[in-house]
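New to this one? Here is a short tour of a protein and its ligand.

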Amino acid sequence: MSKPQETAVYTHGHHESVLRSHTWRTAANSAAYLLGSLKPHMKILDIGCGPGTITADLAALVPDGHVTGVDHAPGILDQARATAAERGLANVDFAVADVHALDYPDDTFCAVHAHQVLQHVGDPVQALREMRRVTKPGGLIAVRDSDYAAMTWYPASRGMDDWADLYHRVARANGGEPDAGRRLKSWALRAGLTDITATSGTWTFSTAEERAWWSGLWADRTVASAYAERATQGGHATAEQLTAVSEAWREWGRREDGWFSVLHGEILCRKDA
Ligand SMILES: C[S@@+](CC[C@H](N)C(=O)[O-])C[C@H]1O[C@@H](n2cnc3c(N)ncnc32)[C@H](O)[C@@H]1O
C-alpha cells in the first residue's frame with residue numbers, strides 16, 4: 001500500500017505578508033488551552049511549525065524536555081532555526097515532515113501539537129491518526145484551527161463579504177477546509193480518539209494598531225502572496241477583483257469603530273494509557 005501523503009496545496013505560502021501574522025503568534029495567544037497541561041520534562045512534537053515562534057515558546061516552557069518542530073515546506077525551517085537560536089534555546093530541533101506519514105516510531109512524544117495546520121491538509125483524519133500514533137500512551141494531542149465562516153467583523157461591507165467568499169473558494173480548491181475549527185472534534189473521533197476536550201478561543205483586533213496590522217497583512221496578502229496567485233491562476237478572481245478586496249481590507253482598517261474576531265476550535269485529546 002502506498003504511503004499516505006499531502007494532496008493539498010498550502011493556501012497562504014510563506015510570503016512576508018503571511019509571516020507577519022505567523023511570527024506574531026505566541027504560545028500564550030495561540031496555545032493557551034494546552035499550557036496548563038505542560039510539564040518541564042515533556043518531549044513535544046510541533047507539526048506545521050512554520051517560522052517557529054510558538055515552537056520556541058513551547059521549548060522555553062519545557063526546559064528539561066525537548067521540542068521538535070516539523071513542517072512540510074523545507075524553506076521555512078531556516079527561519080524557525082534562527083528564531084530558536086536568537087532565544088538561546090538548546091532543547092529544540094527542526095525537520096521536514098508530512099503530517100500524513102510521520103517518520104517517528106509509535107509512542108514517541110509526550111505531546112503532539114498543531115496550530116492552524118489541519119485546515120490546510122488533504123486528509124485531516126489521517127493527520128490525527130498519525131498524531132495519535134506517535135503520541136505516548138497517556139500523552140496529549142493538541143490541535144487549534146480557525147473557522148473562516150465563524151469570523152465576524154464590524155462594520156459590514158460588500159468588499160469584506162467578497163473576501164470571505166473568495167477565501168473559501170481558493171482554500172477548498174487547494175484541497176483544504178477553511179471552516180476546520182468546528183470540525184476538529186468530529187475528525188478526532190473518526191481518528192479513533194475518545195478522550196477529547198473541545199473548546200474555542202478567539203483573537204480580537206480592534207485598537208488602531210491592531211486594525212492597521214491585521215488589515216495591512218490581509219490587504220497585502222490578497223494581492224502579493226501564493227494565495228493571490230492561486231486565486232487568479234485558478235480562475236477564482238481577476239487581478240482587479242483582488243485589488244478591490246485588498247482595498248476593502250484597508251477601508252475596514254481605517255474605521256475607528258472597526259472590530260474583527262477570529263474564532264478557533266481547539267481540541268485537547270489524551271491517548272488511552
Ligand atoms: C498557517 S501555518 C501555521 C504555522 C504555525 N503553526 C503558526 O501557527 O504560526 C501552516 C503550516 O503548516 C505547514 N503544512 C502544510 N501542510 C503540511 C503537512 N502536510 N505536514 C506538515 N506541515 C504542513 C505549512 O507549510 C505551514 O508552515
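## Around the ligand

How far is an oxygen atom of the ligand from an N or O atom in the side chain of Asp71? The gap is 2.6 Å, bearing in mind that what you're looking at is a predicted model. Once bound, the ligand doesn't have much left showing: the protein covers 97% of the 600 Å² of accessible area that the ligand has on its own.

Asp71 isn't alone here, as 21 residues surround the ligand. The closest are Glu6, Arg25, Gly48, Asp71 and His115. There are nitrogen contacts to look for as well. In the side chain of Asp98, an N or O atom sits 2.9 Å from a nitrogen atom of the ligand. Val99 joins in through its backbone, with a polar atom there 3.0 Å from a ligand nitrogen.

## The annotated stretch

UniProt has an unreviewed entry that lists residues 39-170 as "domain: Methyltransferase". Across residues 39-170, the chain is 32% helix and 29% strand. The C-alpha atoms at the two ends of this stretch are 40 Å apart.

## A look at helix H9

Further along the chain comes helix H9, which takes in residues 208-224, 17 residues in total. From first C-alpha to last, H9 reaches 24 Å, close to the 24 Å expected at 1.5 Å a residue.

Which parts of H9 are buried? The buried residues are Arg211, Trp214, Ser215, Gly216, Leu217, Trp218, Ala219, Arg221 and Thr222. They pack against several elements, among them helix H1 (16-22), helix H7 (158-173) and strand S7 (195-205). Their partners also include helix H10 (226-233), helix H11 (239-254) and strand S8 (259-270).

Methods. Residues numbered from 1 in each chain as written. Predicted model: local features only at pLDDT ≥ 70, side-chain atom pairs only at ≥ 80, totals over all residues. Heavy atoms only, no water. Helix = DSSP H or I, 4+ residues; strand = E, 2+ residues; numbered from the N terminus. Expected span 1.5 Å × (residues − 1). Buried < 20%, exposed > 50% of the residue type's maximum accessible area, 1.4 Å probe, protein only. Contact = heavy atoms within 4.5 Å. UniProt positions renumbered as here; feature names shortened; annotations may be inferred. Near = heavy atom within 4 Å. Polar contact = N/O pair within 3.5 Å; in protein donor to acceptor, adjacent residues only side chain to side chain. Areas by Shrake-Rupley, 256 points an atom, 1.4 Å probe, with all protein chains shown as cover.
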